[in-house]
Amino acid sequence: MSQSRQEQYFNLIDQLMRCPNGEEPNVLTENSELLDQGFIESLVQVSTMMAHEDNPDGAKFLIHVARQLAKELGLYPEVPVNS
């Protein structure tokens, strides 16, 4: 992954953290060209850093975004629930 691509991921994560509540889908839609496995890995990396820096709410938010995107991109396995 190129350095500039990584910077774009981090900039997008920063935008997500700063946008008004409820605007996250719009931010992601506006940056759809960055929504790939590398972005999800960056979300996990930054969330881990936040957890270690005593920012559990930020970490949980980014993990939630990563999980949702991974599902949408087909990178997160759906486990069937047996009734």
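## Ser 47, tucked away

Ser 47 comes out at 3% relative accessibility, so it counts as buried, the cut-off for that being under 20%. Keep in mind that this is a predicted model. The residue sits in helix H3. Leaving aside residues up to four places away in sequence, Ser 47 touches Ala 59, Leu 62 and Ile 63. Those three also turn up among the H4 residues that meet H3.

## H3 and what covers it

Ser 47 has company: Gly 38, Phe 39, Ile 40, Ser 42, Leu 43, Val 46 and Met 50 of H3 are buried too. The cover over the buried residues of H3 includes helix H1 (3-18), helix H2 (24-30) and H4.

As for the helix itself, a quick length check works out. H3 has 16 residues, and at 1.5 Å a residue they should span 22 Å; the end C-alpha atoms are 23 Å apart, so the two agree.

## H3 against H4

Helix H3 runs over residues 37-52 and helix H4 over residues 56-72. Their axes come within 8 Å and cross at roughly 165°. Anything over 145 degrees is put down as roughly antiparallel, and H3 and H4 are therefore roughly antiparallel to each other. The crossing of H3 past H4 is left-handed.

On the H3 side, the residues in this contact are Phe 39, Ile 40, Leu 43, Val 44, Val 46, Ser 47, Met 50 and Ala 51. They meet Gly 58, Ala 59, Leu 62, Ile 63, Val 65, Ala 66, Leu 69 and Ala 70 in H4. Sorted by class, the H3–H4 contact has 14 nonpolar residues, two polar and no charged.

## H3 against H1

H1 takes another line: H1 and H3 pack at an angle of about 60°, with their axes 10 Å apart. That angle makes H1 oblique to H3. Here the crossing is right-handed, with H1 passing H3.

H1 brings Gln 6, Tyr 9, Phe 10, Leu 12, Ile 13, Leu 16 and Met 17 to this contact. Across from them in H3 are Gly 38, Phe 39, Ser 42, Leu 43, Gln 45, Val 46 and Met 50. The class count for H1 with H3 is ten nonpolar, four polar and no charged residues.

## Residues with two partners

Some H3 residues appear in both lists. Phe 39, Leu 43, Val 46 and Met 50 are among the residues that meet H4, and they are also among those that meet H1. These four are buried as well.

Technical notes: Residues numbered from 1 in each chain as written. Predicted model: local features only at pLDDT ≥ 70, side-chain atom pairs only at ≥ 80, totals over all residues. Heavy atoms only, no water. Axes fitted to C-alpha atoms, helices over the stretch in contact; angles between N-to-C directions. Helix = DSSP H or I, 4+ residues; strand = E, 2+ residues; numbered from the N terminus. Parallel < 35°, antiparallel > 145°, perpendicular 65-115°, else oblique. Left-handed = near helix turned anticlockwise from the far one by under 90°. Contact = heavy atoms within 4.5 Å. Nonpolar A, V, L, I, M, F, W, Y, C, P; charged D, E, K, R; others polar. Expected span 1.5 Å × (residues − 1). Buried < 20%, exposed > 50% of the residue type's maximum accessible area, 1.4 Å probe, protein only.
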